[in-house]
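Could you walk me through this model in my viewer? I would like to know what to select at each stop and what I will find there.

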2 protein chains.
Amino acid sequence: MKVYDLIIVGAGAAGCSAALTARQRNLRVLMFYFGDGAMEKAHRMDNYPGMPQVEGKEMVRVFRLQAADAGVELKKQLITKVLPVNDGFSLLAGNDLYEAKTVLLALGALRVNPLPGEEELLGQGVSYCATCDGMFYRGKRIIVIAGGREAVEEANYLADLGQVTYFIEKPHDTQELAASITVVKEKPKQIRQSGQDLILVTDQGEHETDGLFVLRPAVAMTQMLPELETRKGVISTDHDLMTNVPGVFAAGDILGAPLQVTKAVGEGNRAALAIASYLRKQVS
Amino acid sequence: MKVYDLIIVGAGAAGCSAALTARQRNLRVLMFYFGDGAMEKAHRMDNYPGMPQVEGKEMVRVFRLQAADAGVELKKQLITKVLPVNDGFSLLAGNDLYEAKTVLLALGALRVNPLPGEEELLGQGVSYCATCDGMFYRGKRIIVIAGGREAVEEANYLADLGQVTYFIEKPHDTQELAASITVVKEKPKQIRQSGQDLILVTDQGEHETDGLFVLRPAVAMTQMLPELETRKGVISTDHDLMTNVPGVFAAGDILGAPLQVTKAVGEGNRAALAIASYLRKQVS
């Protein structure tokens, strides 16, 4: 398996900036993106030097194109797990595994608050990946908790397998949902087990199911990398932007205010330089 | 006299980024530039997101144009003094005085090391400004210590007044020097007084003069703002990038490594937000 020097989780301002500088240092870089971040949602930005009055979407497009041109590999997949292994990390995206010597967390400001019961029941009927686990629920009852428009495509895949009930956690466009899917406008509150069944508790009642898919544009940090230390909800880093897990760095909005592209590109740059220096020390 | 909310000394990456964000916060901003900074000298930069493979000069041009479009006033003058006055600052450029409530130092990595005797004899025959003090040496002997190509034009002005001897402190293009100017290839070491005369001591001898102009692209921080605290040669700032002088902030290469455009724009942004917050508190 190919081992990257650096895998970047998140391809916004911090991720792309880190990727460019890492390529200058000749590192092998793989960068993952998935849902829309804060930049994609910005109608117009006026204070990024070099790109006057730019729409957020266009900025993301240009940044990623530049990264790709510089030799960065980009993949659209949701990373659900970062596993420290000897001398490096294994990253899980669906059923695919990727390996890297270092990891940069650049996922943006998105906060994911798991439902009570969600993390405890993961792998016991609760899943984050329709492609991975959908087949287990062929012909059965499936609940989808949808945290964004990314859920629509996966829900449609699940609708080919079983009978899908769709709960909306965060408002998003559901126009393209398959006709066979039932949309329930209740607010998910908790997940619990009852014999062989799972129960989704909402603000208005309870719903039994065989399988429950939580499909959000990101997974909670507590889930992705439980070892990670945070302070007041923000990842703790040292001066080099390294977290308490050696080899795992963080940059951008994930590190808190100001939530600005300029600050994020600066931190991405600093993190990449620190990562290059960290890798040099590992070799010697 | 017009009082600016913010005067930025230096119009590179940090200065332009700060200027753009300050304009978003509706501050009245004046930004000074003078000599070439590190960006102007960069042949090509590959790791600034949004401007692939850009020449430094072009980047500076685009940044400043964007700042001007956003309503920032730009002036090409060398700021020689920042004077704290009640509730704000007076800044001296040649014989012109500018006033601001806050100051951002964004002069880049350029280090100016005054010659022994230079600062002590400033105003007693030593001057940093040909336009201001040239007339005092009409028909007299004038020595110019030239720290960059900015000195050429001022030396030519002085050559119309007196007899100029030109010493090169830092290598630069001297092709356009007036024919009447004598260029001496000795290394300036010290300035001292001898009766009515000044003596320039070089690595090869001594040169008497009536007036001595030190013309560099920047002045030493110890000269510009003696109150400023530094640690290991780097300006000390708090988390908001404010120096020990309340109302004076710093950002970019002047704060040390990494000397990168991305880091500088991030710091410029942070400083501007801190300045806006500082000004709000002053009002209330």
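Start by selecting B:D197, which lies in strand 12 of chain B, a strand covering residues 197-202. Keep in mind throughout the tour that this is a predicted model. Is B:D197 buried or exposed? Its relative accessibility is 18%, and because the cut-off for buried is under 20%, B:D197 counts as buried.

Now show the side chain of B:R141 as well. A polar contact of 3.0 Å links the side chains of B:D197 and B:R141. To see the wider surroundings, leave out residues up to four places away in sequence: B:D197 then touches B:R141, B:R192, B:E208, B:T209 and B:D210. B:R141 thus appears both in this contact list and as the partner in the polar contact.

Next, zoom out and display both chains. How does chain A superpose on chain B? The operation is a rotation of 180 degrees with a shift of 0.0 Å along its axis, and the RMSD is 0.1 Å. The two copies are therefore related as by a two-fold rotation axis. To find your way to that axis, select A:G266: within chain A, its C-alpha is the nearest to the axis, at 2.5 Å. If you colour the contact residues of each chain, you will see that the same surface serves both copies, as 100% of those in chain A recur in chain B.

Stay with chain A and colour it by domain. The domain assignment gives domain 1 as 3-111 + 219-283 and domain 2 as 126-215. Taken over C-alpha atoms, the centres of these two domains of chain A are 30 Å apart. Where they meet, domain 1 of chain A contributes nine residues to the contact and domain 2 of chain A contributes seven residues.

Which three residues of domain 1 should you pick out at this boundary? Choose A:F34, A:D36 and A:N95: they supply 44% of the area that domain 1 of chain A buries against domain 2 of chain A, more than any other three residues. The area buried between the two domains of chain A is about 590 Å², with carbon and sulfur atoms giving 58% of it.

For the last stop, keep A:D36 selected and add A:R149. Their side chains meet in a salt bridge, with 3.0 Å from N to O. The count between domain 1 and domain 2 of chain A is one salt bridge. Across this interface in chain A there are also two residue pairs in polar contact, both at pLDDT 80 or more.

Terms used: Residues are numbered from 1 along each chain as its sequence is written. Chains are lettered from A and ligands numbered from 1 in the order in which they are written. This is a predicted model: local features need pLDDT of at least 70, side-chain atom pairs count only at pLDDT 80 or more; totals for chains, interfaces and linings use all residues. Side-chain values use heavy atoms; hydrogens and water are left out. Helices (H or I, at least four residues) and strands (E, at least two) are DSSP runs, numbered from the N terminus. Buried means under 20% relative accessible area, exposed over 50%, partly exposed in between (1.4 Å probe, protein chains only). A polar contact is a pair of N or O atoms within 3.5 Å; within protein, one must be able to donate a hydrogen and the other to accept it, and residues adjacent in sequence count only if both atoms are side-chain atoms. Contact means heavy atoms within 4.5 Å. Copies are superposed by least squares on the C-alpha atoms of residues with pLDDT of at least 70 in both. Domain bounds come from an automatic or database domain assignment. Buried area is the accessible area (1.4 Å probe) that two parts lose on being put together, summed over both. A salt bridge is a side-chain nitrogen of Lys or Arg within 4 Å of a carboxyl oxygen of Asp or Glu.
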